[in-house]
Amino acid sequence: MDVNGISLVVGAGSGIGLETALLFAERGAKAVVFADQAFGAASEASEKSKSIATATDYQTMAIAVDVRDRASVKSMVEEVMKQFGRLDYAVNSAGTGRKTEADVTSLDESEYDLLHDINAKGILHCLQEEIAVMKNQEPAYVEGRNGRRSIGPGSIINVTSLSSSVCSPNSIAYTASKFAAKSIIKCAAIENRRSGLRINEVCPGYTDTPMLRLGMKRQPEMIDLIKKAMPLGRAATPEEIANVIHFLASPGASFVNGQSIIADSGVSASIV
Ligand SMILES: NC(=O)c1ccc[n+]([C@@H]2O[C@H](COP(=O)([O-])OP(=O)(O)OC[C@H]3O[C@@H](n4cnc5c(N)ncnc54)[C@H](O)[C@@H]3O)[C@@H](O)[C@H]2O)c1
């Protein structure tokens, strides 16, 4: 997978975003920008990436961003453009899980608003600022066995969840935020498809990250549920999800746009 351009990963301080950003460094990206609200974690990861990067003259930086705030997202993208003059791959992986279990009648509205602001509006803000700079970039080209082809001006991959297609009880705030994110992503993809900019969605099932571990601490019964319900008897590793994201960033996915790829080991195959 040839991902040798400039990459920005939002939510790169932990979990799926962290693994995706490190994989960009390992697979030859010229530059990897680690953006996160947790600036310390993003800086540490950026530093770590230097030891695994394979591109000559690899460059990296960390940026503090709060995806709830459009001005903060705008200044993140401006910083990337100032430093590198181009953005080939943007991965939007910042997100948060639910803190409480509540049904429709007992739902805590402040939690609903918080999850919507991060998981849905956060994706909207990132798309707004990324698309504005990426859609007018010169397209990149690759040489295939059948000749040279354009791979477009860039690729944006948004991490949502299996919960952007499937509902579960007592999880309205999270599920609603993910369904909203899916619709934002699809609309943005359709609006921009003639530019060649590709905008896709990756929908992970349970993935072994700090977010899942926190959930398991709150609800220890999840450990057993994952063992029993998941076809492979386990959650995904962050690396397994990062690889799906990388496929969508790569030239191999140059004809894939506006799509949702569910990576859940097949648990939802009979439902979705
Ligand atoms: N872990 C799972 O089981 C799982 C399953 C399905 C979907 N997801 C989704 O994958 C995405 C990544 O989750 P993860 O498991 O890697 O979680 P994680 O908690 O390990 O990482 C999320 C990162 O997002 C950052 N973040 C949170 N709010 C932010 C904000 N307002 N601005 C900027 N950064 C912010 C955090 O600081 C953190 O570094 C999320 O959207 C999550 O909903 C996770």
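Two residues are in contact if their C-beta atoms, placed from the backbone, lie within 7 Å. Helices (H or I, at least four residues) and strands (E, at least two) are DSSP runs, numbered from the N terminus. This is a predicted model: local features need pLDDT of at least 70, side-chain atom pairs count only at pLDDT 80 or more, and totals for chains, interfaces and linings use all residues. Residues are numbered from 1 along each chain as its sequence is written.

**Exercise 1. Find the buried residues of H8 and say what they pack against.**

Solution.
- Step 1: apply the cut-offs. A residue is buried if 20 or more other C-beta atoms lie within 10 Å of its own, exposed if 12 or fewer, and partly exposed in between; the C-beta atoms are placed from the backbone.
- Step 2: list the residues. Pro238, Ile241, Ala242, Val244, Ile245, His246, Leu248 and Ala249 are buried in H8.
- Step 3: look for their partners. These buried residues pack against H1, E4, E7, E8 and E9.

**Exercise 2. Compare the span of helix H2 (residues 39-52) with the expected one, then sort its faces.**

Solution.
- Step 1: compute. The expected span of a helix is 1.5 Å times one less than its number of residues. For the 14 residues of H2 that gives 20 Å, and the end C-alpha atoms are 20 Å apart, which agrees.
- Step 2: pick the buried side. Ala42, Ala45, Ser46 and Ser49 of H2 are buried. They fall within an arc of 105° seen down the axis, so they line one face of the helix. The arc is that of the directions from the helix axis to the C-beta atoms.
- Step 3: recall the geometry. An α-helix has 3.6 residues a turn, so residues three or four places apart point the same way.
- Step 4: turn to the other side. Gly40, Glu47, Lys50 and Ser51 are exposed there.
- Step 5: name the packing partners. The buried residues of H2 meet helix H1 (15-26), strand E2 (31-36) and strand E3 (59-64).

**Exercise 3. Trace the strand order of the open sheet and place helix H5 (residues 172-192) on it.**

Solution.
- Step 1: read the order. Seven strands run E3-E2-E1-E4-E7-E8-E9, with parallel pairing. Two strands pair if DSSP finds at least two bridges between them.
- Step 2: check the edges. E3 and strand E9 (260-263) each have a single partner strand, so one side of each is left without a neighbour in the sheet.
- Step 3: add the turn. Neighbouring strands are turned by 15° against each other on average, direction ignored.
- Step 4: place H5. It packs on the sheet, touching E7, strand E8 (198-204) and E9, and its direction makes about 160° with that of E8. Axes are lines fitted to C-alpha atoms, for helices over the stretch in contact, and angles run from 0 to 180 degrees between N-to-C directions.

**Exercise 4. Describe how E5 and E6 pair, and decide whether E5 is buried or in the open.**

Solution.
- Step 1: count bridges. Five join E5 to strand E6 (residues 147-152), and the two run antiparallel.
- Step 2: find the link. E5 and E6 form a hairpin with two residues between them. Gly144 has Gly147 as its bridge partner in E6.
- Step 3: test burial. Of the five residues of strand E5 (residues 140-144), the number buried is zero, so E5 lies largely in the open.

**Exercise 5. Locate Val256 and its contacts.**

Solution.
- Step 1: Val256 sits in the loop between helix H8 (238-249) and E9.
- Step 2: Val256 is partly exposed, with 14 other C-beta atoms within 10 Å.
- Step 3: not counting residues up to four places away in sequence, Val256 touches Arg198, Asn200 and Leu248.
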